[in-house]
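Work through these exercises with the model open beside you. Try each task before you read its solution.

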Amino acid sequence: QVQLVESGGGLVQAGGSLRLSCVVSGSIFRFANFGWYRQAPGKQRDLVARITKSSSTNYADSVKGRFTISRYNANATAYLQMNSLKLEDTAVYYCAADVLAKTYWGQGTQVTVSS
């Protein structure tokens, strides 16, 4: 059974940093592509960053230069380092794993950026 568990969210002032973690149980980690998504109240869920199983990355324009996605097969964890946070980064952040034509989602972690 595949499970994704996010952590690391919280309340931070604008300009601050947070690192989100996504721990993956099951044996899929090294075969999966991962994405971090976010959903603000009343808005759709959008892709923030993505990393393939070969560690190629891409980012939404709104986070380029501020966010970094990474993965470590040794501990089956994907990360999202978020720097220079802005008010508009406030959202629930979700980790997703794509493998064998299936997508698995975590439960989400709240990130709130205050002024």
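**Exercise 1: Place S84**

S84 is found in the loop between β8 and β9. Strands (E, at least two residues) and helices (H or I, at least four) are DSSP runs, numbered from the N terminus. This is a predicted model: local features need pLDDT of at least 70, side-chain atom pairs count only at pLDDT 80 or more, and totals for chains, interfaces and linings use all residues. Residues are numbered from 1 along each chain as its sequence is written, and side-chain values use heavy atoms, with hydrogens and water left out.

Task: state the phi of S84 and classify its exposure.

Solution.
- Step 1. Start from the general rule: most residues other than glycine have a negative phi.
- Step 2. Read the angle. S84 is not a glycine, yet its phi is positive, about 50°.
- Step 3. Apply the cut-offs: buried is under 20% relative accessible area, exposed is over 50%, and partly exposed lies in between (1.4 Å probe, protein chains only).
- Step 4. S84 has a relative accessible area of 40%, so it is partly exposed.

**Exercise 2: A second positive phi**

Task: find where A101 lies, then give its phi and exposure.

Solution.
- Step 1. Locate the residue. A101 lies in the loop between β9 and β10, and β10 covers 102-105.
- Step 2. Read the angle. The phi of A101 is positive, about 65°, although A101 is not a glycine.
- Step 3. The relative accessible area of A101 is 88%, so A101 is exposed.

**Exercise 3: Overall build**

Task: how many helices and strands does the protein have, and why does its radius of gyration agree with a compact globule?

Solution.
- Step 1. Count the elements: zero helices and eleven strands.
- Step 2. Write the order along the sequence: β-β-β-β-β-β-β-β-β-β-β.
- Step 3. Take the rule for a globule: 2.2 Å times the number of residues to the power 0.38, with the radius taken over C-alpha atoms.
- Step 4. For 115 residues, a compact globule would have a radius near 13 Å; the protein has 13 Å, so the two agree.
- Step 5. Add the span of the C-alpha trace along its principal axes: about 40 × 25 × 25 Å.
- Step 6. Check burial. Of the 115 residues, 42% count as buried.

**Exercise 4: The core**

Task: which residues have the most contacts inside the largest nonpolar core, and which strand supplies the largest share?

Solution.
- Step 1. Define the core: buried Ala, Val, Leu, Ile, Met, Phe, Trp, Tyr and Cys residues joined through side-chain atoms within 4.5 Å.
- Step 2. The largest such core has 30 residues, and V24, F34, W36, F67, L80, M82 and Y93 have the most contacts inside it.
- Step 3. List the suppliers. β3 (18-25), β4 (33-39), β5 (46-51), β7 (67-72), β8 (77-82), β9 (91-99) and β11 (109-114) each give at least two residues.
- Step 4. β9 gives the largest share, five residues.
- Step 5. Inspect F67. Beyond its neighbours within four places in sequence, F67 is in contact (heavy atoms within 4.5 Å) with R38, V48, Y59, L80, Q81, M82, N83, L85, D89 and Y93.

**Exercise 5: L4 against two loop residues**

Task: are L4, N73 and A74 buried, partly exposed or exposed?

Solution.
- Step 1. L4 lies in strand β1, residues 3-7. L4 has a relative accessible area of 5%, so L4 is buried.
- Step 2. Not counting residues up to four places away in sequence, L4 touches ten listed partners, including C22, C95 and W105.- Step 3. The C-alpha atoms of L4 and S21 are separated by 9.8 Å, and the two residues are 17 apart along the chain.
- Step 4. N73 is in the loop between β7 and β8. Its relative accessible area is 34%, so N73 is partly exposed.
- Step 5. N73 touches F29 and R30, not counting residues up to four places away in sequence.
- Step 6. A74 is in the loop between β7 and β8. Its relative accessible area is 87%, so A74 is exposed.
- Step 7. The C-alpha atoms of A74 and D98 are separated by 19 Å.
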